[in-house]
Amino acid sequence: MWWPSVPMVRTLTKLALSLAITLAQGHALALTVFACEPEWAALTHSLLPSAKVYSATHHLQDPHHIEARPSLIAQLRNADMAVCTGAELEAGWLPMLQAKASNPKIQNGQPGMFYAADHVTLVNPYKGKVTPYSGDVHVLGNPHVHADPRRLMAVARALAPRLAAIVPAEKARIDRQLQQFETTLTDKIQAWEQLAKPLRGRSVVTQHANFGYLWLWLGLTPVADLEPKPGVPPTPAHLARTLELSRAAPPMAIVIAQHHDPRPAQWLSGQLGTPQKMVVLPATVTSDGPEALFAWFDLMVNRLVQVAP
Ligand SMILES: [Zn+2]
């Protein structure tokens, strides 16, 4: 019978070890993440730069209304993890994707299914009766939580350990990335708050609650919404009331998101004789670089400060 020599056993053991390490690293490198919205893709990238992150939506889309396309099902089927908003933001499409993807890793209750809204306090739950014609009402509270950098920080602190649980080999790296993210964001929050001081106590007319948490953070008051109910397009009667309100107490700005129909806001700012007060902001990050989240807040704060007389 042939027995391997001692040096050969050592060589084989070394080979097996290095293969195991390579496989472990290979797994870490190959972590595939399905993000429902671009802000969570950006955050996941910040915490684990080696992850392959796919965003199901982009900044010109309304995350309430996404078609459950076959390409999205395929992406979710191949994902190790999904990072979404929750609080029913994706109620119209994510459950269908989860069912069709039949991937056990990203079903509700699994470590691979992360909902940001589970880790922050939500405001303004819709108290009215919900019918099929109710629009995109926020029954559990406003789900657009990423527009508050403090809530974003809380989500990052919850997402980092979840990522580390799924890719233990990357834990040290994720911890370092989180620390760096926290330091940068803390400094930036201070700078943004300083810059936005003139906005405190001012009023805005909005469309939908996309920036609700931004107003809360910066101390702005949303006095009217161009939507009569969340997700319901403005009616002539509702617009007339909004104009009346805005004439009585002129708002600092009329702020809509890039994915909204701009016509109601254009009409209102035109009627008020202040077209320069109309501000169109992206409702989320517009790129996927490591600075995307910071750049988005920079843009929003600066744009609002520009229109504050
Ligand atoms: Zn909404």
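**A disulfide at a parallel sheet**

Cys-84 is buried, its relative accessible area being 0%. This is a predicted model, and the cysteine offers a convenient point of entry to it. Cys-36 is likewise buried, with a relative accessible area of 0%. These two residues, Cys-36 and Cys-84, form a disulfide in which the sulfur atoms are 2.0 Å apart. A search of the whole structure finds one disulfide. About the S-S bond of Cys-36 and Cys-84 the torsion is about 55°, and the disulfide is therefore right-handed. Because Cys-36 belongs to the loop between strand 1 and helix 2 while Cys-84 belongs to strand 3, the pair ties together parts that lie 48 residues apart in sequence.

The sheet that contains strand 3 comes next. Four strands make up an open sheet, arranged in the order 2-1-3-4 with parallel pairing. Strand 2 (52-55) and strand 4 (113-115) occupy the edges and have a single partner strand each, so one side of each is left without a neighbour in the sheet. On average, and with direction ignored, neighbouring strands of this sheet are turned by 20° against each other.

The pairings may be followed across the sheet. Strand 1 and strand 2 run parallel and are joined by four bridges; within this pairing, Val-53 in strand 2 is the bridge partner of Val-33. The chain passes from strand 1 through helix 2 to strand 2, and this β-α-β crossover is right-handed. Strand 1 also pairs with strand 3 in the parallel sense, here over three bridges, and Ala-35 has Val-83 in strand 3 as its bridge partner. Strand 3, residues 81-84, is in turn joined to strand 4 by three bridges, and these two strands run parallel. In this last pairing the disulfide cysteine appears again, for Cys-84 stands opposite Tyr-115 in strand 4. Helix 2 (residues 38-47) packs on the sheet, where it touches strand 1 (32-35), strand 2 and strand 3. The direction of helix 2 makes about 170° with that of strand 2.

Which way do the side chains of strand 1 point, and are they buried or exposed? In a regular strand, side chains alternate between the two faces of the sheet. In strand 1, Thr-32 and Phe-34 point one way, Val-33 and Ala-35 point the other way, and all are buried.

A second loop leads back to the surroundings of the disulfide. Thr-57 has its place in the loop between strand 2 and helix 3 (70-77), and Thr-57 is buried, with a relative accessible area of 5%. Once its neighbours within four places in sequence are set aside, Thr-57 is in contact with Cys-36, Glu-37, Pro-38, Ile-66 and Trp-93. One of these contacts, Cys-36, is a member of the disulfide with Cys-84. Between Thr-57 and Glu-39, which are 18 residues apart along the chain, the C-alpha atoms are separated by 9.8 Å.

The domain arrangement completes the account. According to the domain assignment, the protein chain consists of domain 1 (25-192) and domain 2 (195-307). Taken over C-alpha atoms, the centres of domain 1 and domain 2 are separated by 25 Å. Where the domains meet, 38 residues of domain 1 are in contact with 31 residues of domain 2.

Conventions. Residues numbered from 1 in each chain as written. Predicted model: local features only at pLDDT ≥ 70, side-chain atom pairs only at ≥ 80, totals over all residues. Heavy atoms only, no water. Pairing = 2+ DSSP bridges. Axes fitted to C-alpha atoms, helices over the stretch in contact; angles between N-to-C directions. Contact = heavy atoms within 4.5 Å. Buried < 20%, exposed > 50% of the residue type's maximum accessible area, 1.4 Å probe, protein only. Right-handed = clockwise from strand over helix to strand, strands pointing away. Disulfide = S-S within 2.5 Å. Domains from an automatic or database assignment.
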